[in-house]
Amino acid sequence: MSYNIALNFEDGVTRFINCNEGETVLDAAYRNQINLPMDCSDGVCGTCKGSCQQGDYDLGDEYIEDALTDDEAGQGMVLTCQMVPSSDCVVNIPAASTLCKTGNLQTTGTVAEVNLVSATAIELKVTADEDIAFLPGQYVNIQVPGSSESRAYSFSSRPGSRELSFLIRNVPGGLMSSWLVGQAKTGDKVTLNGPMGIFYLRPVGRPVLMLAGGTGLAPFLSMLEHLKASGSSQPVHLIYGVTNNEDLVSVKELEAFAATVDNFTFKTVIANPDSGHPRTGYVTNHMEDAPINDGDVDVYLCGPPPMVDAVLGYFREQSIEPASFHYERFTPSVAAEEAA
Ligand SMILES: Cc1cc2nc3c(=O)[nH]c(=O)nc-3n(C[C@H](O)[C@H](O)[C@H](O)COP(=O)(O)OP(=O)(O)OC[C@H]3O[C@@H](n4cnc5c(N)ncnc54)[C@H](O)[C@@H]3O)c2cc1C
Ligand code: FES
């Protein structure tokens, strides 16, 4: 038996390794050609310290208090030279991937479909040439064909499939947007680097509130695919806001999730007050069904930076402190900002 271990490096890179029954994470990483930080490999120096975000494991009793205190162990910190997983795990490594002689995995893929799903959004489907393991909510950098630049896109498809999909805002004049709208065709080759990012669905142990702005819906579609496969007994509520009626996409998909994912509900919100939509304004104007639960809620927030900042401000003003808060800003690339 072996387990899938996601190693999240501090530069945002994630690498997946397989770890055999009874094997330490450090040994498994070296076997997978990833040189995690270590000095003694005996539980003495503490150099290999990281933290386990999810999963079950045994830390053994061979290490000394100087390397890892009981308090640290209680908070989920681990010594990778001692940690023996007994399930799939996600482990944070406080070092850059490049220092561990690993880096982003590069994968190629073939464009399967490019669909204009609204005036402002494009669905890109890519068939990867090899498996890309990712956590639901993570993203990859896709190189814009014919250029040396890349753009970040969250997977909207389910983990574990080579049929990848992305939901991409059509930014007029944008480098990737122009390629997608003007040139991309079935059969084109694309290069993907990743997966990356710390915005991913944690194990669902309490109510979940998902807040999406525009194409910030993408990672939630992947998370919902995951929940459909894994099941959830907790309430999961999504509030999905866009600017105008015509920007709403994937509503049929969301209705299908509501019918198949236990306890999943959603609502849409249109910012434009003249839209005629039953709910106008911002997502934070429509929190009445949100499972805030006196703060015992995991909040996931994704969208353009002004939307993310506004929602963060709302939570501060309302003094709501969720048990966990995860967010992703769809920040334009530095190259695009400089060119603007
Ligand atoms: C971690 C991460 C994940 C992301 N995931 C997604 C995703 O799943 N779907 C998605 O649509 N986007 C996503 N983005 C944003 C995406 O990477 C690109 O920035 C966006 O698609 C624009 O790329 P472009 O090449 O078409 O335009 P660019 O050539 O990058 O930009 C052209 C001009 O438009 C401006 N601009 C760029 N984006 C916007 C915007 N949203 N609103 C207004 N002006 C803008 C730029 O500043 C520039 O002046 C993500 C960004 C990050 C950091
Ligand atoms: S490498 Fe020294 S404690 Fe793990």
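Which residues cover the two faces of β14? In this predicted model, Val208, Met210 and Ala212 lie on one side of the strand and Leu209, Leu211 and Gly213 on the other, and all of these residues are buried. In a regular strand, side chains point alternately to the two faces of the sheet. Strand β14 spans residues 208–213, and because six of its six residues are buried, the strand is largely enclosed by the rest of the structure. Val208, a residue of β14, has a relative accessibility of 1% and therefore counts as buried, given that the limit for this class is under 20%. The C-alpha atom of Val208 is separated by 14 Å from that of Pro219, a residue 11 positions away along the chain.

Strand β14 is paired with strand β15, which comprises residues 236–242; the two run parallel and are joined by six bridges. Within this pairing, Ala212 is placed opposite Tyr240 of β15. A second pairing involves strands β9 (residues 121–128) and β12, which run antiparallel and are connected by seven bridges. Here Ala121 stands opposite Arg169 in β12. Strand β12 covers residues 163–169, and five of its seven residues are buried, so this strand too is largely enclosed by the rest of the structure.

Charged side chains were examined next. Side chains of opposite charge can pair when their charged atoms come close. The whole structure contains 12 salt bridges. One of them links the side chains of Lys49 and Glu72, with an N to O distance of 3.1 Å. Since Lys49 belongs to strand β3 (residues 49–54) and Glu72 to helix α2, this pair ties together parts that are 23 residues apart in sequence. Glu72 is classed as buried because its relative accessible area is 19%, where buried means under 20%.

A further salt bridge is formed between the side chains of Asp309 and Arg329, at 2.6 Å from N to O. This pair links distant parts of the chain, with Asp309 in helix α6 (residues 305–317) and Arg329 in strand β18 (residues 324–329), 20 residues apart. Both partners fall into the intermediate accessibility class: Asp309 is partly exposed, with a relative accessible area of 36%, and Arg329 is partly exposed at 33% relative accessibility. The side chains of Asp188 and Lys185 also meet in a salt bridge, with an N to O distance of 3.0 Å. Asp188 has a relative accessible area of 15% and is therefore buried. In addition, Arg206, Asp296 and Asp298 are linked in a network of salt bridges.

Charge is also present at the surface. Asp42, Asp58, Asp61 and Glu62 form a negative surface patch. Within this patch, Glu62 is located in the loop between β4 (57–58) and α2 (70–74). Glu62 counts as exposed because its relative accessibility is 61%, where exposed means over 50%. Another acidic residue, Glu255, is situated in helix α5 (residues 251–260). With a relative accessible area of 46%, Glu255 is partly exposed. Glu255 and Lys267 are 12 residues apart in sequence, and their C-alpha atoms are 9.8 Å apart in space.

Several features of the backbone merit mention. The peptide bond from Gly194 to Pro195 is cis, with omega near 10 degrees. Pro195 is part of strand β13, which spans residues 189–196. Asn263 adopts a positive phi of about 65 degrees although it is not a glycine. This residue occupies the loop between α5 and β16 (264–270), and its relative accessibility of 45% places Asn263 among partly exposed residues. Asp294, likewise not a glycine, has a positive phi of about 55 degrees. Asp294 is located in the loop between β16 and β17 (298–303) and counts as exposed, at 85% relative accessibility.

Terms used
Residues numbered from 1 in each chain as written. Chains lettered and ligands numbered in written order. Predicted model: local features only at pLDDT ≥ 70, side-chain atom pairs only at ≥ 80, totals over all residues. Heavy atoms only, no water. Patch = residues over 30% accessible without salt bridge, like charges linked within 9 Å, V, L, I, M, F, W, Y side chains within 5 Å. Areas by Shrake-Rupley, 256 points an atom, 1.4 Å probe, with all protein chains shown as cover. Salt bridge = Lys/Arg side-chain N within 4 Å of Asp/Glu carboxyl O. Lys, Arg positive; Asp, Glu negative; His and termini not counted. Charge placed at Lys NZ, Arg CZ, Asp CG, Glu CD. Helix = DSSP H or I, 4+ residues; strand = E, 2+ residues; numbered from the N terminus. Buried < 20%, exposed > 50% of the residue type's maximum accessible area, 1.4 Å probe, protein only. Pairing = 2+ DSSP bridges.
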